[in-house]
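Visitor: I should like a close look at a single part of this model. Please choose one strand, describe its setting in the chain, and then follow the chain outward from there.

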Amino acid sequence: MNMRSQPANIIIFASGTGSNTRNIIERFRDNPAIHIALIVSNKHDAGVLSIASKENIPTLILDKVRFFKGDAYVPELQQLKPSLIVLAGFLWKIPSALVNTFPKKIINIHPALLPKYGGKGMYGNHVHEAVKNAGETETGITIHFVDEQYDHGEHILQAKVPVEPTDTPNSIAQKVHALEYQHLPEVIRQLIFEPAKP
Ligand code: GRF
């Protein structure tokens, strides 16, 4: 049972369509113990920002210079005392200033079974095309802590799905997204409220 008097703040970093963000919002909408405090993006026109605006969630847009060369935004994030920072479709490498300020509090979801199909350039359909081209018979998701290397930190959860010969990169993407929607909110909940057994 959670004994906090204040809700746990979550910050989401996302720069894509934001379907995982929407799923997280919906999952915790009626849970007063969890509050989506901020959505951070590096794209002014990211779909996720429309979701944020519809849901009245504050946003922070960071350009490359601000994100990589300055760290003025770090205290802004600190002020929110986030219980967790969730990268859900954020493609830039997280700078040391951020990793060091929030040790074990930043997680990423990757749409493949790391260490396969990870690293710079491995995102979205590039991942699913590579999985298809390699003739893999299974793929899945990896939720992991974030360190200073792409797709590298300690794994929290992997979940698998079969790849059939008839699958296309698009159908693989759909299966992988379904796994993401199923597992990411639950991992978030467990990390916040049952940190010993995510
Ligand atoms: C997801 O597939 C996630 O694994 C990856 O980026 C994608 C984001 O999708 N890191 P969406 O914007 O949440 O739909």
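Guide: Two strands count as a pair if DSSP finds at least two bridges between them. That criterion is needed for strand β5, which covers residues 106-110. What follows concerns a predicted model.

The setting comes first. The protein chain contains seven helices and seven strands, and their order along the sequence is β-α-β-α-β-α-α-β-α-β-α-β-β-α. Its radius of gyration is 16 Å, close to the 16 Å that the globule rule gives for 198 residues, so the chain is as compact as a globular protein of that length. The C-alpha trace spans about 50 × 40 × 30 Å along its principal axes. Of the contacts between residues at least 6 apart in sequence, 67% join residues at least 24 apart. Buried residues account for 48% of the 198 residues.

Against that figure for the chain, strand β5 is mostly covered, with five of its five residues buried. In a regular strand the side chains alternate between the two faces of the sheet. Here I106, N108 and H110 point one way, while I107 and I109 point the other way. Both sets are buried, a term that stands for under 20% relative accessible area.

The partner to consider is strand β4, residues 82-87. Three bridges join β4 to β5, and the two strands run parallel; the pairing criterion asks for at least two. One residue match can be named: V86 has I107 as its bridge partner in β5.

Within β4, L84 shows what surrounds this pair. L84 belongs to strand β4 and is buried, its relative accessible area being 3%. With neighbours within four places in sequence set aside, L84 contacts N9, I10, I11, K105, I107, I188, L191 and I192. I107 thus appears twice in this account, as a contact of L84 and as the bridge partner of V86. Another name in that list, I11, is 73 residues from L84 along the chain, yet their C-alpha atoms are separated by 6.5 Å.

The loops that lead into these two strands also deserve attention. Most residues other than glycine have a negative phi, and most peptide bonds are trans. K81, in the loop between α4 (73-79) and β4, departs from the first pattern with a phi near 45°. K104 occupies the loop between α5 (96-101) and β5, and its phi is also positive, at about 60°. Are these two lysines buried or exposed? K81 is exposed, with a relative accessible area of 68%, and K104 is exposed as well, at 52%. The cut-off for that term is over 50%.

On the far side of β5, the chain enters the loop between β5 and α6 (124-133), where P115 is placed. The peptide bond from L114 to P115 is cis, with omega near 10°.

To set this part against the surface and charge of the chain: the protein chain exposes about 10,300 Å², of which carbon and sulfur atoms supply 52%. There are 20 positive and 19 negative side chains, and the centres of the two sets lie 3 Å apart.

In short, β5 is a strand of buried residues, joined in parallel to β4 by three bridges, with exposed K104 in the loop before β5 and P115 in the loop that follows.

Methods: Residues numbered from 1 in each chain as written. Predicted model: local features only at pLDDT ≥ 70, side-chain atom pairs only at ≥ 80, totals over all residues. Heavy atoms only, no water. Helix = DSSP H or I, 4+ residues; strand = E, 2+ residues; numbered from the N terminus. Rg over C-alpha atoms; globule rule 2.2 N^0.38 Å. Buried < 20%, exposed > 50% of the residue type's maximum accessible area, 1.4 Å probe, protein only. Contact = heavy atoms within 4.5 Å. Areas by Shrake-Rupley, 256 points an atom, 1.4 Å probe, with all protein chains shown as cover. Lys, Arg positive; Asp, Glu negative; His and termini not counted. Charge placed at Lys NZ, Arg CZ, Asp CG, Glu CD.
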